[in-house]
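Please open the structure in your viewer and keep the sequence panel visible. The tour below proceeds by selections, each followed by an account of what is found there.

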Amino acid sequence: MSTVTDIFGSMVFDDRVMRATLSSKVYASLRKTIDEGSELDIGVANAVAEAMKEWAVSKGATHYTHWFQPLTGITAEKHDSFISPSPDGAVIMEFSGKELIKGEPDASSFPSGGLRATFEARGYTAWDPTSYAFIKGKTLCIPTAFCSYGGPALDKKTPLLRSMEVLSKQAIRILKLFGADDVKRVVSSVGPEQEYFLVTREMYEKRPDLRFSGRTLFGAKPPKGQELDDHYFGVIKPGVAAYMEDLNEELWKLGILAKTEHNEVAPAQHELAPIYSTTNVATDHNQLTMEIMQKVAAKHGLVCL
């Protein structure tokens, strides 16, 4: 039987995997990019891409995607397979450093692209090496920023990364006033929790307001609301506990530090809280968590709101 330590991060190209699959020189160069924000050499990118592809294929992956966060409130992804044709009619599996560090998805249909003509509404994705790549299904997902040709942000990650850099710069300036001259970077952290409701699929389908808006818009006041506190920190029902167990396992596989779970105040309301991590990583994990919560709920005949 697999333990938590066995499965944790098993679908993530994290530091453990990089140490095992990259040469010491390539690993040191990549760590410098991650830790200090130094420029990434294309030779290093090619080596990382090859190692990342081999690892992903060994896990059953057939495609890769630049996973980004446009101004839609959810994530976006365009899947490309690793295959390339060979002269004998077969295919080989390839993934280059260029494909790793940059992509060019169409941006015309996103909220940021509607103000421009389609042929001008190009968007570019750029690899964020500070957030580990991971496998979802049979696809290697590479966290990326999304911006236009001239640099304006078309997503939510780019402004976040820029704000983290500004915060680091100003924090270093203040630290130097106190004699801390050896500090090269200051990293912010956050731990976003999720409060959610679980509703049976059968009841959900009978509620147009829940189906169309994801929240209660009409109806009589429930006989039991938040006035009574017997649900708060109460015994978790077996069906909900089974959901939480499966959810934790899926989150742990992706290296998400799911830590605390309990009943919240309102009936059918629950909470999931992770251990805090670097701000942009925590934000990526938060997006993944919301997606996985809904997928796992569907397997249990529930809807997660």
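Select Arg19 first; this residue is found in helix H2, which covers residues 15–21. The model is a predicted one. Arg19 is exposed, with a relative accessible area of 55%. Display its side chain together with that of Tyr27: a polar contact of 3.3 Å joins the two.

Now add Asp15, Arg31 and Asp35 to the selection. Salt bridges that share partners join these residues and Arg19 into one network. Within it, Asp35 forms a salt bridge with Arg31, and the closest N and O atoms are 2.7 Å apart. Where do Asp35 and Arg31 lie with respect to each other in helix H3? They are four residues apart in this helix (residues 24–36), and so are separated by about one helical turn. In an α-helix there are 3.6 residues a turn, so residues three or four places apart point the same way. The two partners differ in accessibility class: Asp35 counts as partly exposed at 38% relative accessibility, whereas Arg31 is buried, with a relative accessible area of 18%.

**Further salt bridges**

How many salt bridges does a search of the whole structure find? The search finds 18. Two more of them may be visited here.

Select Lys295 and Glu291. Their salt bridge has its closest N and O atoms 2.9 Å apart. Both residues belong to helix H10 (residues 279–299), where they are four residues apart and therefore separated by about one helical turn. Lys295 counts as partly exposed, at 46% relative accessibility, while Glu291 counts as buried, at 17%.

Next, select Lys78 and Asp80, which also form a salt bridge; here the closest N and O atoms are 3.0 Å apart. Lys78 is partly exposed, with a relative accessible area of 43%. Asp80 is likewise partly exposed, with a value of 28%.

**Helix H4**

Select residues 42–58, which make up helix H4. At 1.5 Å a residue, the 17 residues of H4 should span 24 Å, and this agrees with the 24 Å between its end C-alpha atoms. At the start of the helix, show Asp41 and Gly43: a side-chain oxygen of Asp41 reaches to within 2.8 Å of the backbone nitrogen of Gly43. Beyond the other end, H4 is followed by Gly60, whose phi is positive, near 95°.

Which residues of H4 are buried? They are Val44, Ala45, Val48, Ala49, Ala51, Met52, Lys53, Trp55 and Ala56.

**The nonpolar cores**

With H4 still displayed, add Phe13, Val48, Met52, Phe95, Leu140, Ile142 and Tyr243. These are the residues with the most contacts inside the largest nonpolar core, which has 48 residues. Helix H4 supplies the largest share of this core, seven residues.

Centre the view on Leu140. Leaving aside its neighbours within four places in sequence, its contacts include Met52, Trp55 and Ala56, the three of which are also among the buried residues of H4. Other residues in contact with Leu140 include Ala61, His63, Tyr64, Phe82, Phe95 and Phe134.

Then select Ala76, Phe110, Phe146 and Leu154. These residues are among the five of another core, which lies apart from the largest one.

**The loop with Gln69**

Move to Gln69, located in the loop between strand E2 (63–67) and strand E3 (79–81). Is this loop residue buried or exposed? Gln69 is buried, with a relative accessible area of 4%. Its side chain makes a polar contact of 2.7 Å with the side chain of Asp284. To see the surroundings of Gln69, leave aside its neighbours within four places in sequence and display Ile74, Thr75, Asp155, Lys156, Lys157, Thr283, Asp284 and Gln287, with which Gln69 is in contact.

**The cysteines**

For the last stop, select Cys141 and Cys147. A disulfide is a covalent bond between the sulfur atoms of two cysteines. How many disulfides are counted in this model? With a cut-off of 2.5 Å between cysteine sulfur atoms, the count comes to zero. Cys141 is in no disulfide, as the nearest cysteine sulfur, that of Cys147, is 20 Å away. Cys147 is likewise in no disulfide, and its nearest cysteine sulfur is that of Cys141. Cys141 is moreover buried, with a relative accessible area of 0%.

Technical notes: Residues are numbered from 1 along each chain as its sequence is written. This is a predicted model: local features need pLDDT of at least 70, side-chain atom pairs count only at pLDDT 80 or more; totals for chains, interfaces and linings use all residues. Side-chain values use heavy atoms; hydrogens and water are left out. Buried means under 20% relative accessible area, exposed over 50%, partly exposed in between (1.4 Å probe, protein chains only). Helices (H or I, at least four residues) and strands (E, at least two) are DSSP runs, numbered from the N terminus. A polar contact is a pair of N or O atoms within 3.5 Å; within protein, one must be able to donate a hydrogen and the other to accept it, and residues adjacent in sequence count only if both atoms are side-chain atoms. A salt bridge is a side-chain nitrogen of Lys or Arg within 4 Å of a carboxyl oxygen of Asp or Glu. A nonpolar core is a set of buried Ala, Val, Leu, Ile, Met, Phe, Trp, Tyr and Cys residues joined through side-chain atoms within 4.5 Å. Contact means heavy atoms within 4.5 Å. The expected span of a helix is 1.5 Å times one less than its number of residues.
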